[in-house]
Amino acid sequence: MAGRNGRTVRDLRRGNRTAVLQRLYFDGPLSRFELGPATGLSSGSVSNVVADLIADGLVEEAGSVDSDGGRPRTLLRVAPDSGQMIGVDVGETRVRVELFDLALTELARVERPLTPQGYDVDVIAGHIRDGVAEVLTAEQADPGRLLGVGVGVPGIVERTPDRGAVVHGQTIGWDAVPLEQLLRSASPLPDGVPYFIDNGAKTLGQAEMWFGAGRGARNAVVVLFGSGVGACLVTPEVEHGRAVEWGHLTVRVRGRRCRCGAPGCLEAYAGAESLLARWREEGGRPPEDTDEETALTAMLAAAYPSEGGTADPVALAVLEETAEYLGAGLSDLINLFQPERILIGGWAGLQLGTRFLPAVRRHAATYALRHPADKVTIDLGRLGPDAVTVGAAILPLAEFFAAGGRHPEPTTEPRLPAWRTALQDRAPH
(Lines give C-alpha, C1' and ligand atoms only; values in the text may rest on other atoms or scores of the structure.)
Protein backbone atom coordinates (compact mmCIF):
# COMPACT_ATOMS: atom_id res chain seq x y z
CA MET A 1 0.00 0.00 0.00
CA ALA A 2 1.34 3.42 -0.98
CA GLY A 3 1.02 6.54 1.14
CA ARG A 4 0.23 10.04 -0.06
CA ASN A 5 3.81 10.60 -1.15
CA GLY A 6 3.78 7.39 -3.18
CA ARG A 7 6.06 5.50 -0.77
CA THR A 8 5.02 2.01 0.27
CA VAL A 9 5.65 0.31 3.60
CA ARG A 10 8.36 -1.68 1.80
CA ASP A 11 9.99 1.57 0.65
CA LEU A 12 9.92 2.88 4.22
CA ARG A 13 11.54 -0.26 5.62
CA ARG A 14 14.20 -0.19 2.94
CA GLY A 15 14.93 3.46 3.69
CA ASN A 16 15.22 2.77 7.41
CA ARG A 17 17.60 -0.14 6.80
CA THR A 18 19.68 2.04 4.49
CA ALA A 19 19.91 4.82 7.10
CA VAL A 20 21.04 2.46 9.86
CA LEU A 21 23.53 0.58 7.66
CA GLN A 22 25.15 3.77 6.38
CA ARG A 23 25.52 5.32 9.82
CA LEU A 24 27.04 2.15 11.24
CA TYR A 25 29.33 1.85 8.22
CA PHE A 26 30.69 5.39 8.26
CA ASP A 27 30.44 6.29 11.96
CA GLY A 28 30.27 2.96 13.80
CA PRO A 29 30.52 1.20 16.08
CA LEU A 30 27.45 2.88 17.56
CA SER A 31 24.89 1.89 20.18
CA ARG A 32 21.16 1.68 19.51
CA PHE A 33 20.81 4.80 21.65
CA GLU A 34 23.23 6.72 19.39
CA LEU A 35 21.60 5.46 16.20
CA GLY A 36 18.35 7.29 16.99
CA PRO A 37 19.62 10.88 16.64
CA ALA A 38 22.13 9.82 13.98
CA THR A 39 19.40 8.48 11.68
CA GLY A 40 16.36 10.49 12.80
CA LEU A 41 14.47 7.26 13.57
CA SER A 42 12.49 6.53 16.73
CA SER A 43 13.95 4.12 19.31
CA GLY A 44 11.32 1.55 18.36
CA SER A 45 12.22 1.78 14.65
CA VAL A 46 15.94 1.51 15.44
CA SER A 47 15.33 -1.62 17.54
CA ASN A 48 13.25 -3.26 14.81
CA VAL A 49 15.71 -2.43 12.03
CA VAL A 50 18.74 -3.55 14.06
CA ALA A 51 17.01 -6.83 14.90
CA ASP A 52 16.34 -7.44 11.20
CA LEU A 53 19.91 -6.61 10.21
CA ILE A 54 21.37 -8.86 12.91
CA ALA A 55 19.06 -11.68 11.78
CA ASP A 56 20.30 -11.16 8.21
CA GLY A 57 23.92 -11.37 9.39
CA LEU A 58 24.70 -7.81 8.24
CA VAL A 59 25.20 -6.27 11.69
CA GLU A 60 27.06 -7.71 14.68
CA GLU A 61 27.89 -6.71 18.23
CA ALA A 62 31.25 -4.98 18.77
CA GLY A 63 31.68 -4.66 22.54
CA SER A 64 29.99 -2.23 24.89
CA VAL A 65 30.42 1.16 26.52
CA ASP A 66 29.33 2.48 29.90
CA SER A 67 26.21 4.62 30.02
CA ASP A 68 25.42 7.43 32.46
CA GLY A 69 24.54 5.40 35.52
CA GLY A 70 22.67 2.69 33.62
CA ARG A 71 23.50 -0.65 32.06
CA PRO A 72 26.37 -0.72 29.54
CA ARG A 73 25.27 -0.06 25.98
CA THR A 74 26.03 -2.65 23.33
CA LEU A 75 27.94 -1.32 20.32
CA LEU A 76 27.02 -2.42 16.82
CA ARG A 77 28.91 -2.49 13.55
CA VAL A 78 28.45 -3.72 9.99
CA ALA A 79 29.81 -7.29 9.81
CA PRO A 80 32.84 -7.15 7.46
CA ASP A 81 32.44 -10.74 6.26
CA SER A 82 28.74 -10.39 5.42
CA GLY A 83 29.47 -9.46 1.81
CA GLN A 84 32.24 -8.98 -0.74
CA MET A 85 32.86 -6.71 -3.72
CA ILE A 86 35.26 -6.77 -6.66
CA GLY A 87 36.85 -3.59 -7.98
CA VAL A 88 38.52 -3.38 -11.40
CA ASP A 89 40.76 -0.60 -12.67
CA VAL A 90 41.22 -0.61 -16.44
CA GLY A 91 44.28 1.60 -16.22
CA GLU A 92 46.84 2.86 -18.67
CA THR A 93 49.59 0.40 -17.80
CA ARG A 94 47.66 -2.54 -16.35
CA VAL A 95 44.28 -4.04 -15.51
CA ARG A 96 44.02 -4.45 -11.74
CA VAL A 97 41.34 -6.66 -10.11
CA GLU A 98 40.83 -6.73 -6.33
CA LEU A 99 38.46 -8.59 -4.03
CA PHE A 100 37.32 -6.75 -0.89
CA ASP A 101 35.22 -7.58 2.13
CA LEU A 102 32.45 -5.24 3.23
CA ALA A 103 34.93 -3.11 5.19
CA LEU A 104 36.98 -2.70 1.97
CA THR A 105 39.84 -4.77 3.30
CA GLU A 106 41.70 -6.29 0.35
CA LEU A 107 41.37 -10.08 0.26
CA ALA A 108 42.99 -10.91 -3.09
CA ARG A 109 44.49 -9.12 -6.11
CA VAL A 110 45.43 -9.88 -9.72
CA GLU A 111 47.23 -7.58 -12.18
CA ARG A 112 47.63 -7.89 -15.94
CA PRO A 113 50.17 -5.54 -17.60
CA LEU A 114 49.16 -3.77 -20.79
CA THR A 115 51.50 -3.18 -23.69
CA PRO A 116 51.45 0.21 -25.45
CA GLN A 117 48.33 0.50 -27.59
CA GLY A 118 47.05 -2.50 -25.62
CA TYR A 119 43.38 -1.55 -25.48
CA ASP A 120 42.04 -4.35 -27.68
CA VAL A 121 38.47 -4.75 -26.41
CA ASP A 122 38.51 -8.55 -26.33
CA VAL A 123 41.86 -8.56 -24.50
CA ILE A 124 40.62 -6.13 -21.84
CA ALA A 125 37.34 -8.03 -21.36
CA GLY A 126 39.33 -11.27 -21.07
CA HIS A 127 41.65 -9.75 -18.45
CA ILE A 128 38.64 -8.65 -16.40
CA ARG A 129 36.84 -12.00 -16.61
CA ASP A 130 40.00 -13.98 -15.84
CA GLY A 131 40.93 -11.64 -12.99
CA VAL A 132 37.48 -11.95 -11.41
CA ALA A 133 37.70 -15.74 -11.56
CA GLU A 134 41.24 -15.74 -10.12
CA VAL A 135 40.56 -13.53 -7.09
CA LEU A 136 37.49 -15.58 -6.22
CA THR A 137 39.48 -18.80 -6.52
CA ALA A 138 42.41 -17.42 -4.51
CA GLU A 139 40.12 -16.54 -1.61
CA GLN A 140 37.82 -19.55 -2.14
CA ALA A 141 35.03 -16.98 -2.09
CA ASP A 142 31.35 -17.80 -2.31
CA PRO A 143 29.93 -15.99 -5.38
CA GLY A 144 26.60 -15.90 -3.56
CA ARG A 145 28.06 -13.34 -1.12
CA LEU A 146 29.36 -11.14 -3.91
CA LEU A 147 27.50 -7.83 -4.13
CA GLY A 148 28.81 -7.03 -7.59
CA VAL A 149 31.77 -6.12 -9.76
CA GLY A 150 32.64 -2.45 -10.23
CA VAL A 151 34.79 -1.45 -13.20
CA GLY A 152 36.54 1.90 -13.72
CA VAL A 153 37.37 2.66 -17.37
CA PRO A 154 38.79 5.55 -19.43
CA GLY A 155 36.19 7.49 -21.41
CA ILE A 156 32.52 8.41 -21.28
CA VAL A 157 30.12 5.73 -20.01
CA GLU A 158 26.60 5.73 -21.40
CA ARG A 159 23.88 3.51 -19.93
CA THR A 160 21.56 1.98 -22.52
CA PRO A 161 18.39 -0.07 -21.92
CA ASP A 162 19.39 -2.94 -24.21
CA ARG A 163 23.21 -3.19 -23.99
CA GLY A 164 23.89 -1.89 -20.49
CA ALA A 165 27.00 0.26 -20.01
CA VAL A 166 28.54 1.39 -23.31
CA VAL A 167 32.01 3.00 -23.27
CA HIS A 168 33.03 5.84 -25.59
CA GLY A 169 36.81 5.91 -25.14
CA GLN A 170 38.06 8.09 -27.96
CA THR A 171 41.63 8.28 -26.63
CA ILE A 172 41.95 4.48 -26.50
CA GLY A 173 40.10 3.72 -29.74
CA TRP A 174 36.84 2.51 -28.17
CA ASP A 175 33.78 3.61 -30.13
CA ALA A 176 30.54 2.67 -28.34
CA VAL A 177 31.98 -0.54 -26.86
CA PRO A 178 29.20 -2.54 -25.08
CA LEU A 179 31.53 -3.56 -22.27
CA GLU A 180 28.84 -4.70 -19.85
CA GLN A 181 27.30 -6.93 -22.51
CA LEU A 182 30.74 -8.39 -23.35
CA LEU A 183 31.46 -9.17 -19.70
CA ARG A 184 28.04 -10.74 -19.16
CA SER A 185 28.27 -12.88 -22.28
CA ALA A 186 30.98 -15.10 -20.78
CA SER A 187 30.89 -14.13 -17.13
CA PRO A 188 32.45 -16.48 -14.54
CA LEU A 189 29.75 -15.29 -12.11
CA PRO A 190 26.14 -16.34 -11.48
CA ASP A 191 23.48 -14.34 -13.33
CA GLY A 192 22.42 -12.54 -10.16
CA VAL A 193 25.76 -10.78 -9.67
CA PRO A 194 25.64 -7.33 -11.32
CA TYR A 195 28.37 -5.38 -13.10
CA PHE A 196 28.73 -1.63 -12.50
CA ILE A 197 30.85 0.27 -15.04
CA ASP A 198 31.84 3.92 -14.73
CA ASN A 199 34.55 6.40 -15.61
CA GLY A 200 37.82 5.80 -13.74
CA ALA A 201 38.16 9.43 -12.63
CA LYS A 202 34.69 9.15 -11.11
CA THR A 203 35.53 5.98 -9.19
CA LEU A 204 38.72 7.66 -7.95
CA GLY A 205 36.60 10.62 -6.82
CA GLN A 206 34.09 8.34 -5.12
CA ALA A 207 36.86 6.64 -3.13
CA GLU A 208 38.52 9.89 -2.02
CA MET A 209 35.17 11.39 -1.01
CA TRP A 210 34.11 8.35 1.03
CA PHE A 211 37.40 7.37 2.63
CA GLY A 212 40.18 9.77 1.61
CA ALA A 213 41.12 13.43 1.54
CA GLY A 214 37.68 14.51 0.31
CA ARG A 215 35.74 13.24 3.30
CA GLY A 216 33.65 16.01 4.85
CA ALA A 217 33.79 18.30 1.81
CA ARG A 218 30.51 19.27 0.12
CA ASN A 219 32.08 20.64 -3.04
CA ALA A 220 35.26 19.10 -4.42
CA VAL A 221 37.06 18.17 -7.62
CA VAL A 222 39.19 15.02 -7.70
CA VAL A 223 41.73 14.93 -10.52
CA LEU A 224 43.15 11.76 -12.08
CA PHE A 225 46.61 12.46 -13.49
CA GLY A 226 48.06 9.54 -15.42
CA SER A 227 48.89 9.02 -19.11
CA GLY A 228 46.01 11.40 -19.65
CA VAL A 229 44.08 13.57 -17.24
CA GLY A 230 40.48 13.50 -16.08
CA ALA A 231 38.41 14.78 -13.19
CA CYS A 232 35.37 14.05 -11.04
CA LEU A 233 33.12 16.84 -9.78
CA VAL A 234 31.24 16.41 -6.50
CA THR A 235 28.70 19.03 -5.36
CA PRO A 236 25.55 18.93 -3.21
CA GLU A 237 23.59 18.66 -6.46
CA VAL A 238 25.83 15.87 -7.82
CA GLU A 239 26.59 13.97 -4.60
CA HIS A 240 27.57 10.77 -6.39
CA GLY A 241 30.02 12.67 -8.58
CA ARG A 242 30.14 13.41 -12.28
CA ALA A 243 33.07 12.66 -14.54
CA VAL A 244 34.21 15.66 -16.57
CA GLU A 245 36.52 15.39 -19.58
CA TRP A 246 38.85 18.02 -18.15
CA GLY A 247 41.81 16.71 -20.14
CA HIS A 248 40.16 17.81 -23.36
CA LEU A 249 39.75 21.48 -22.54
CA THR A 250 41.59 23.50 -25.20
CA VAL A 251 44.60 25.24 -23.65
CA ARG A 252 46.34 26.31 -26.86
CA VAL A 253 44.69 27.09 -30.20
CA ARG A 254 46.37 25.09 -32.99
CA GLY A 255 48.52 23.44 -30.34
CA ARG A 256 49.96 19.93 -30.00
CA ARG A 257 47.80 17.12 -31.33
CA CYS A 258 46.12 15.24 -28.49
CA ARG A 259 45.65 11.49 -28.63
CA CYS A 260 41.90 12.19 -28.95
CA GLY A 261 42.71 13.77 -32.34
CA ALA A 262 42.00 17.41 -31.43
CA PRO A 263 44.72 20.11 -31.28
CA GLY A 264 45.69 21.92 -28.09
CA CYS A 265 44.04 19.79 -25.38
CA LEU A 266 45.31 20.04 -21.81
CA GLU A 267 46.11 16.32 -21.99
CA ALA A 268 48.50 16.99 -24.89
CA TYR A 269 50.64 19.08 -22.50
CA ALA A 270 49.94 17.78 -19.00
CA GLY A 271 49.38 14.02 -19.42
CA ALA A 272 52.33 11.77 -18.59
CA GLU A 273 52.38 10.33 -22.10
CA SER A 274 52.81 13.76 -23.67
CA LEU A 275 55.19 14.87 -20.91
CA LEU A 276 57.57 12.03 -21.79
CA ALA A 277 57.12 12.67 -25.52
CA ARG A 278 58.06 16.33 -25.06
CA TRP A 279 61.17 15.34 -23.08
CA ARG A 280 62.22 13.10 -25.99
CA GLU A 281 61.43 15.77 -28.61
CA GLU A 282 63.57 18.33 -26.75
CA GLY A 283 66.57 16.01 -26.74
CA GLY A 284 66.00 14.07 -23.53
CA ARG A 285 66.66 10.35 -23.26
CA PRO A 286 63.77 8.42 -21.71
CA PRO A 287 64.70 4.77 -21.08
CA GLU A 288 63.75 2.50 -23.96
CA ASP A 289 61.39 -0.48 -23.76
CA THR A 290 59.89 0.48 -20.40
CA ASP A 291 56.40 1.41 -19.32
CA GLU A 292 55.37 5.00 -18.65
CA GLU A 293 55.63 4.67 -14.87
CA THR A 294 59.28 3.56 -15.08
CA ALA A 295 60.07 6.27 -17.67
CA LEU A 296 58.51 9.00 -15.49
CA THR A 297 60.55 7.79 -12.52
CA ALA A 298 63.68 8.15 -14.66
CA MET A 299 62.65 11.64 -15.77
CA LEU A 300 62.15 12.77 -12.18
CA ALA A 301 65.54 11.36 -11.22
CA ALA A 302 67.12 13.22 -14.13
CA ALA A 303 65.45 16.53 -13.26
CA TYR A 304 65.95 16.25 -9.50
CA PRO A 305 69.15 14.21 -9.00
CA SER A 306 70.40 13.06 -5.64
CA GLU A 307 72.82 15.29 -3.77
CA GLY A 308 75.89 16.05 -5.86
CA GLY A 309 74.28 15.10 -9.15
CA THR A 310 73.74 17.38 -12.15
CA ALA A 311 70.16 18.09 -13.17
CA ASP A 312 69.04 17.41 -16.73
CA PRO A 313 67.97 20.93 -17.82
CA VAL A 314 65.62 19.58 -20.51
CA ALA A 315 63.77 17.27 -18.12
CA LEU A 316 63.55 20.05 -15.54
CA ALA A 317 62.20 22.58 -18.08
CA VAL A 318 59.54 20.17 -19.36
CA LEU A 319 58.40 19.33 -15.82
CA GLU A 320 58.21 23.00 -14.89
CA GLU A 321 56.18 23.77 -18.00
CA THR A 322 53.89 20.84 -17.21
CA ALA A 323 53.32 22.21 -13.70
CA GLU A 324 52.20 25.49 -15.26
CA TYR A 325 49.80 23.76 -17.64
CA LEU A 326 48.35 21.74 -14.78
CA GLY A 327 47.98 24.85 -12.65
CA ALA A 328 46.27 26.69 -15.49
CA GLY A 329 43.99 23.71 -16.03
CA LEU A 330 43.09 23.65 -12.34
CA SER A 331 42.30 27.36 -12.52
CA ASP A 332 39.57 26.53 -15.04
CA LEU A 333 38.06 24.08 -12.55
CA ILE A 334 38.32 26.71 -9.79
CA ASN A 335 36.61 29.39 -11.88
CA LEU A 336 33.89 27.06 -13.19
CA PHE A 337 32.97 25.13 -10.03
CA GLN A 338 34.46 27.08 -7.08
CA PRO A 339 35.30 23.92 -5.10
CA GLU A 340 36.39 23.76 -1.47
CA ARG A 341 39.06 21.20 -2.32
CA ILE A 342 40.95 19.93 -5.34
CA LEU A 343 42.60 16.54 -4.86
CA ILE A 344 45.20 15.13 -7.22
CA GLY A 345 45.46 11.36 -7.67
CA GLY A 346 46.41 8.86 -10.34
CA TRP A 347 49.77 7.13 -10.72
CA ALA A 348 51.53 10.13 -12.29
CA GLY A 349 50.09 12.53 -9.73
CA LEU A 350 51.36 10.29 -6.94
CA GLN A 351 54.82 10.01 -8.52
CA LEU A 352 55.19 13.76 -8.95
CA GLY A 353 53.72 14.19 -5.49
CA THR A 354 54.78 16.88 -3.07
CA ARG A 355 57.70 17.94 -5.30
CA PHE A 356 55.26 19.19 -7.93
CA LEU A 357 52.52 20.54 -5.69
CA PRO A 358 53.90 23.98 -4.68
CA ALA A 359 54.42 24.98 -8.33
CA VAL A 360 50.99 23.71 -9.35
CA ARG A 361 49.35 25.67 -6.51
CA ARG A 362 51.24 28.81 -7.46
CA HIS A 363 50.23 28.63 -11.12
CA ALA A 364 46.60 27.83 -10.25
CA ALA A 365 46.42 30.95 -8.09
CA THR A 366 47.99 33.03 -10.87
CA TYR A 367 45.45 32.00 -13.51
CA ALA A 368 42.29 31.72 -11.37
CA LEU A 369 39.96 34.44 -10.15
CA ARG A 370 41.15 35.68 -6.77
CA HIS A 371 38.02 35.07 -4.69
CA PRO A 372 37.46 31.36 -5.51
CA ALA A 373 41.23 30.75 -5.54
CA ASP A 374 41.50 32.09 -1.96
CA LYS A 375 38.87 29.58 -0.79
CA VAL A 376 40.21 26.36 -2.36
CA THR A 377 42.85 23.97 -1.08
CA ILE A 378 44.89 21.84 -3.51
CA ASP A 379 46.31 18.62 -2.10
CA LEU A 380 47.20 15.06 -3.03
CA GLY A 381 44.70 12.26 -2.59
CA ARG A 382 45.32 9.88 0.30
CA LEU A 383 44.35 6.48 -1.05
CA GLY A 384 47.37 5.74 -3.23
CA PRO A 385 47.49 3.65 -6.40
CA ASP A 386 44.49 1.49 -5.44
CA ALA A 387 42.06 4.43 -5.29
CA VAL A 388 40.37 3.69 -8.64
CA THR A 389 39.92 0.03 -7.69
CA VAL A 390 38.52 0.94 -4.26
CA GLY A 391 36.16 3.43 -5.90
CA ALA A 392 35.03 0.79 -8.39
CA ALA A 393 34.24 -1.59 -5.52
CA ILE A 394 32.19 1.19 -3.91
CA LEU A 395 29.75 1.09 -6.86
CA PRO A 396 28.17 -2.26 -5.85
CA LEU A 397 28.48 -1.28 -2.17
CA ALA A 398 26.51 1.93 -2.74
CA GLU A 399 23.88 -0.06 -4.60
CA PHE A 400 23.71 -2.54 -1.73
CA PHE A 401 23.12 0.28 0.75
CA ALA A 402 20.49 1.89 -1.49
CA ALA A 403 18.65 -1.44 -1.53
CA GLY A 404 18.62 -1.57 2.28
CA GLY A 405 21.22 -4.34 2.43
CA ARG A 406 19.28 -6.66 0.14
CA HIS A 407 21.06 -8.64 -2.54
CA PRO A 408 19.84 -7.90 -6.10
CA GLU A 409 17.31 -10.23 -7.66
CA PRO A 410 18.86 -12.59 -10.25
CA THR A 411 18.66 -11.20 -13.77
CA THR A 412 20.55 -11.38 -17.05
CA GLU A 413 19.34 -7.90 -18.07
CA PRO A 414 21.28 -4.64 -17.62
CA ARG A 415 20.08 -2.81 -14.52
CA LEU A 416 19.97 0.89 -13.73
CA PRO A 417 21.67 1.64 -10.39
CA ALA A 418 19.17 2.17 -7.57
CA TRP A 419 20.25 5.72 -6.79
CA ARG A 420 19.83 6.64 -10.45
CA THR A 421 16.39 5.03 -10.42
CA ALA A 422 15.45 7.12 -7.40
CA LEU A 423 16.52 10.31 -9.18
CA GLN A 424 14.60 9.20 -12.26
CA ASP A 425 11.47 8.56 -10.21
CA ARG A 426 11.56 12.11 -8.83
CA ALA A 427 12.00 13.68 -12.24
CA PRO A 428 8.97 15.50 -13.73
CA HIS A 429 7.02 13.46 -16.25
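How many nonpolar, polar and charged residues does the lining of the largest cavity have? The legends below describe close-up views of a predicted model, and the view of the largest cavity comes at the start, since it answers this question.

**View 1. The largest cavity and its lining.** By class, the lining of the largest cavity is made up of eight nonpolar residues and two polar ones, with no charged residues. The volume of the largest cavity is about 60 Å³, and the structure has two cavities of 30 Å³ or more. Its lining is formed by Phe 225, Leu 326, Ile 344, Gly 349, Leu 352, Gly 353, Phe 356, Leu 357, Val 360 and Leu 380. Helix 11, which spans residues 347–367, gives the largest share of this lining, namely six residues.

**View 2. Strand 12 and its two neighbours.** Strand 12 covers residues 220–225, and six of its six residues are buried, so this strand is largely enclosed by the rest of the structure. In a regular strand, the side chains alternate between the two faces of the sheet. Here both faces are covered, with Ala 220, Val 222 and Leu 224 buried on one side, and Val 221, Val 223 and Phe 225 buried on the other. Strand 12 pairs with strand 13 (residues 229–235) in the antiparallel sense over six bridges, and a hairpin of three residues joins the two strands. Within this pairing, Ala 220 stands opposite Val 234 of strand 13. Strand 12 also runs parallel to strand 15 (residues 341–345), to which five bridges join it, and there Val 222 stands opposite Leu 343.

**View 3. Strand 7 between strand 4 and strand 11.** Eight of the eight residues of strand 7 (residues 146–153) are buried, so strand 7, like the strand of the previous view, is largely enclosed by the rest of the structure. Strand 4 (residues 84–90) runs parallel to strand 7 and is joined to it by five bridges, and in this pairing Val 88 of strand 4 has Val 151 of strand 7 as its bridge partner. Strand 7 also pairs in the parallel sense with strand 11 (residues 195–199), again over five bridges, and here the bridge partner of Val 153 is Asn 199 in strand 11.

**View 4. Aromatic rings and a charge over a ring.** A search of the whole structure finds seven aromatic pairs. In the pair formed by Tyr 25 and Phe 26, the ring centres are 5.4 Å apart and the planes stand at 85°, an angle over the 60 degrees needed, so this pair is edge-to-face. Tyr 25 and Phe 26 are both buried, and they belong to one aromatic cluster together with Trp 210, Phe 211 and Phe 401. Elsewhere in the model, Arg 73 lies over the face of Phe 33, at 3.9 Å from the ring centre.

**View 5. The second largest pocket.** The second largest pocket has a volume of about 720 Å³. Its lining consists of 43 residues, and those that lie nearest the centre of the pocket are Glu 92, Pro 154, Ala 201, Leu 224 and Gly 228. Of these, Leu 224 has already appeared in the view of strand 12, where it is one of the buried residues. By class, the residues that line the second largest pocket divide into 19 nonpolar, 16 polar and eight charged.

How values were computed
Residues are numbered from 1 along each chain as its sequence is written. This is a predicted model: local features need pLDDT of at least 70, side-chain atom pairs count only at pLDDT 80 or more; totals for chains, interfaces and linings use all residues. Side-chain values use heavy atoms; hydrogens and water are left out. On a 1 Å grid over the protein atoms alone, a cavity is a set of points where a 1.4 Å probe fits but cannot get out, and a pocket is an open set with protein on both sides within 12 Å along at least five of seven lines; lining residues have an atom within 4 Å of a point. Grid points are joined across faces, edges and corners, and a volume is the space filled by probe spheres set on the points. Ala, Val, Leu, Ile, Met, Phe, Trp, Tyr, Cys and Pro count as nonpolar, Asp, Glu, Lys and Arg as charged, and the others, Gly among them, as polar. Rings of Phe, Tyr and Trp (its six-membered ring) pair if their centres lie within 6.5 Å; planes under 30 degrees apart count as stacked, over 60 as edge-to-face and the rest as tilted. Buried means under 20% relative accessible area, exposed over 50%, partly exposed in between (1.4 Å probe, protein chains only). A charge sits over a ring if NZ of Lys or CZ of Arg is within 6 Å of the ring centre and within 35 degrees of the ring normal. Helices (H or I, at least four residues) and strands (E, at least two) are DSSP runs, numbered from the N terminus. Two strands pair if DSSP finds at least two bridges between them.
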